[in-house]
Amino acid sequence: TKRDSSKVEWIKVYFNERSDHSVALPNNYSHDLYDMMLPLIHRIDSAKFSVDVAAYDFQNMRIAHALANAARRGVRVRVVTDNSTRNRVPKYNTLIWDTLRKAGIYSIDDAGTVYFPDGKIVSLAQNLPNAGAIMHHKFAVIDNISEDPEDKYVWTGTMNLTYTGPWNTNATLVIKDNRITETYAEEFEQMWGSKTIIPNANSAKFHKDKHKSKNNIHFVGNTRVEAYFGPMDRGNTKPSISTRITELIEKYALHDVNF
């Protein structure tokens with residue numbers, strides 16, 4: 001595994017319910033009873049070069065405003081979303097996408113439809129394969145295009161970017177680690193279809209057409225972190241999420257398994 005080049009690396013964990021600090025290592029407590037949108041908003045507000053967001057369900061205006069403000073100060077902002085949720089709740093979603101569009105932000109959904117800042121919508125003659133499946137990601141890649149590895153962050157976890165997301169029981173992570181950030185950026189750009197600010201639907205890959213990432217095993221300091229992306233690809237070359245979970249239960253669990 002290629003070691004990271006960032007000198008400062010850490011993982012911060014956030015819960016909106018109360019966590020049991022008695023099981024934590026000394027000085028390694030999670031953040032509980034937390035405003036779950038704040039870690040992501042802080043990272044977007046701190047971004048200097050780029051913000052890439054993959055969001056299954058996007059209805060939270062706090063995040064939309066943060067992204068719009070970032071774009072207006074010159075940060076490259078790109079958004080991938082799921083076609084089935086994009087217009088499901090017009091009351092919220094129309095305002096969300098208008099806010100992003102007016103800030104000059106492009107987006108693409110998993111059917112291959114590209115949404116332009118001028119209001120133009122361009123769809124492929126035929127939807128991308130498996131467009132009826134769910135693009136279920138919830139992650140953000142911060143400043144991956146920076147030349148300084150210390151700038152790179154990933155936000156991810158269980159929470160959808162909705163109004164109910166911060167109130168439903170959820171957990172999120174912020175990871176400061178350049179190699180993990182690059183792995184998530186690779187996943188994002190498969191769906192975006194280009195390395196520019198404009199998505200390319202003809203090159204975009206979603207669902208079973210996505211290939212495996214170059215590296216899924218990382219170290220944050222001395223902590224081993226494994227990154228897996230679903231679903232399995234058509235050639236079955238990606239590391240399998242279910243196979244790895246099964247292996248951990250069968251080979252490594254000594255006392256208990258909490259799921």
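## Internal cavity

A cavity is here a set of grid points where a 1.4 Å probe fits but cannot get out, and its lining residues are those with an atom within 4 Å of a point. In this predicted model, the count by that rule comes to 1 cavity of 30 Å³ or more, and the largest cavity has a volume of about 50 Å³.

The lining of the largest cavity is made up of His211, Lys212, Ser213 and Asn216, together with Ala227, Tyr228 and Phe229, and also Lys238 and Pro239. Sorted by class, this lining comprises 4 nonpolar, 3 polar and 2 charged residues.

## Packing of helices α1 and α2

Helix α1, which spans residues 38-46, and helix α2, which spans residues 61-72, have axes that come within 9 Å and cross at roughly 10 degrees. Since angles under 35 degrees count as roughly parallel, α1 and α2 are therefore described as roughly parallel to each other.

On the α1 side the contact is made by Leu38, Leu40, Ile41, Ile44 and Asp45, and on the α2 side by Arg62, Ile63, Ala66, Leu67 and Ala70. The residues of this contact divide into 8 nonpolar and 2 charged, with no polar residue among them.

## Salt bridges

Side chains of opposite charge can pair when their charged atoms come close. The structure holds 18 salt bridges, one of which joins Asp98 to Arg101, with the closest N and O atoms 3.3 Å apart. Both residues belong to helix α4 (residues 90-102), and because Asp98 and Arg101 are 3 residues apart in that helix, about one helical turn separates them.

Key: Residues are numbered from 1 along each chain as its sequence is written. This is a predicted model: local features need pLDDT of at least 70, side-chain atom pairs count only at pLDDT 80 or more; totals for chains, interfaces and linings use all residues. Side-chain values use heavy atoms; hydrogens and water are left out. On a 1 Å grid over the protein atoms alone, a cavity is a set of points where a 1.4 Å probe fits but cannot get out, and a pocket is an open set with protein on both sides within 12 Å along at least five of seven lines; lining residues have an atom within 4 Å of a point. Grid points are joined across faces, edges and corners, and a volume is the space filled by probe spheres set on the points. Ala, Val, Leu, Ile, Met, Phe, Trp, Tyr, Cys and Pro count as nonpolar, Asp, Glu, Lys and Arg as charged, and the others, Gly among them, as polar. Axes are lines fitted to C-alpha atoms, for helices over the stretch in contact, and angles run from 0 to 180 degrees between N-to-C directions. Helices (H or I, at least four residues) and strands (E, at least two) are DSSP runs, numbered from the N terminus. Angles under 35 degrees count as roughly parallel, over 145 as roughly antiparallel, 65 to 115 as roughly perpendicular and the rest as oblique. Contact means heavy atoms within 4.5 Å. A salt bridge is a side-chain nitrogen of Lys or Arg within 4 Å of a carboxyl oxygen of Asp or Glu.
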